[in-house]
Amino acid sequence: GMEVAVRTQQLDLSDLDAILTTEMQDFLDRIAEYVQNNPQLDLYKGAGWSVKNGVYPTAAMLDEICNTKPMIMTSVDAPSMWINTVAIERYGVSDPANIQKYGTNCIRVDESGYPTGYISEAAMDLVRPALALSKMEYKKGLLEWQAMAFSYGITSVVEAALPINTVPIQEAFNELAEDGIWKLRTY
């Protein structure tokens with residue numbers, strides 16, 4: 001549930017990933033369209049890509065779309081991220097100490113030792129704080145989730161994915177409930 005709420009606040013590439021003939025260029029085309037349609041955003045975030053036909057994602061690919069704002073695209077199965085050069089620099093991915101700490105299995109590097117823009121597992125912790133949503137964004141996402149649940153006739157859910165110590169999420173839930181807007185019975 002919470003994952004659905006979060007995903008409503010970013011570009012969703014998972015429908016493309018599900019198509020067997022999808023190529024990396026198809027993801028790039030969708031990302032470019034999203035950037036063009038959302039010039040007001042300070043950060044471009046999305047999820048749902050995967051490596052296709054042995055073509056691995058690079059920062060250079062994303063830089064061609066936007067090289068002035070960070071871009072963070074989480075893989076469809078969530079253990080990897082595809083980031084542009086702005087994100088590599090802003091979130092310390094290129095810091096030699098971080099490359100040494102996480103290793104080149106988690107921060108892939110080119111021949112010169114500079115990150116390629118394809119990071120995995122623990123190294124994603126460098127970037128993850130940038131993906132945090134505000135309370136208002138959580139409220140918006142929760143209401144979209146509620147509408148989706150109701151559209152399928154679902155009136156009661158168990159929320160098993162609520163991270164601990166996530167005050168904005170808890171406040172969003174509580175305020176929606178107090179205002180009588182949250183009608184999905186949630187355990």
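**Entry 1: S50**

I started with the neighbours of S50 in this predicted model. Leaving aside residues up to four places away in sequence, S50 touches D17, M24, F27 and V76. I then looked for a polar partner among these. The side chain of S50 makes a polar contact with the side chain of D17, at 2.3 Å. Next I placed the residue on the chain. S50 sits in the loop between β2 (44-49) and α4 (59-63). Is S50 buried or exposed? I found a relative accessible area of 18%; the cut-off for buried is under 20%, so S50 counts as buried.

**Entry 2: N53, in that loop too**

I stayed in the loop between β2 and α4, where N53 is also found. I checked the backbone here. N53 has a phi near 50°, a positive value in a residue other than glycine. I noted the background: most residues other than glycine have a negative phi. N53 is exposed, because its relative accessibility is 61%.

**Entry 3: E121**

I looked up another positive phi. E121 is not a glycine, yet its phi is about 50° and positive. I located E121 in the loop between β6 (115-120) and α7 (135-151). How exposed is E121? At 49% relative accessibility, E121 counts as partly exposed. The cut-off for exposed is over 50%, so E121 does not reach it.

**Entry 4: nonpolar cores**

I turned to the interior. The largest nonpolar core has 19 residues. I listed those with the most contacts inside this core: I72, M81, I83, V93, I107, I119 and V127. Which elements give two or more residues to it? I found β4 (80-83), α5 (85-90) and α6 (96-102).

I picked M81 for a closer look. Not counting residues up to four places away in sequence, M81 touches W49, I72, M73, T74, G117, Y118, I119, M124, V127 and L131. Of these, I72, I119 and V127 are also on the list of core residues with the most contacts.

I also found a second, separate core of 17 residues. Among its members are L11, L13, V35 and Y44.

**Entry 5: aromatic pairs**

I went on to the rings. For each pair I noted the distance of the centres and the angle of the planes, which is how a pair of aromatic rings is described. The count comes to six aromatic pairs. I wrote up two.

Y34 and Y44 form an edge-to-face pair, 6.3 Å centre to centre with 80° between the planes. Y34 is in helix α3 (residues 24-37) and Y44 in strand β2, 10 residues apart. I checked burial for both rings. Y34 counts as buried because its relative accessibility is 16%. Y44 is buried too, with a relative accessible area of 2%.

The second pair is W49 with W82. Their ring centres are 5.6 Å apart and their planes stand at 75°, so I logged this pair as edge-to-face. W49 lies in strand β2 and W82 in strand β4, so the pair ties together parts that are 33 residues apart in sequence. Both W49 and W82 are buried.

**Entry 6: the cluster and a charge**

I asked which residues join W49 and W82 in one aromatic cluster. They are Y56 and Y118. I returned to M81 here, since two cluster members, W49 and Y118, are on its contact list. My last lookup was what lies over the face of Y118. It is R108, at 3.8 Å from the ring centre.

Technical notes: Residues are numbered from 1 along each chain as its sequence is written. This is a predicted model: local features need pLDDT of at least 70, side-chain atom pairs count only at pLDDT 80 or more; totals for chains, interfaces and linings use all residues. Side-chain values use heavy atoms; hydrogens and water are left out. A nonpolar core is a set of buried Ala, Val, Leu, Ile, Met, Phe, Trp, Tyr and Cys residues joined through side-chain atoms within 4.5 Å. Buried means under 20% relative accessible area, exposed over 50%, partly exposed in between (1.4 Å probe, protein chains only). Helices (H or I, at least four residues) and strands (E, at least two) are DSSP runs, numbered from the N terminus. Contact means heavy atoms within 4.5 Å. A polar contact is a pair of N or O atoms within 3.5 Å; within protein, one must be able to donate a hydrogen and the other to accept it, and residues adjacent in sequence count only if both atoms are side-chain atoms. Rings of Phe, Tyr and Trp (its six-membered ring) pair if their centres lie within 6.5 Å; planes under 30 degrees apart count as stacked, over 60 as edge-to-face and the rest as tilted. A charge sits over a ring if NZ of Lys or CZ of Arg is within 6 Å of the ring centre and within 35 degrees of the ring normal.
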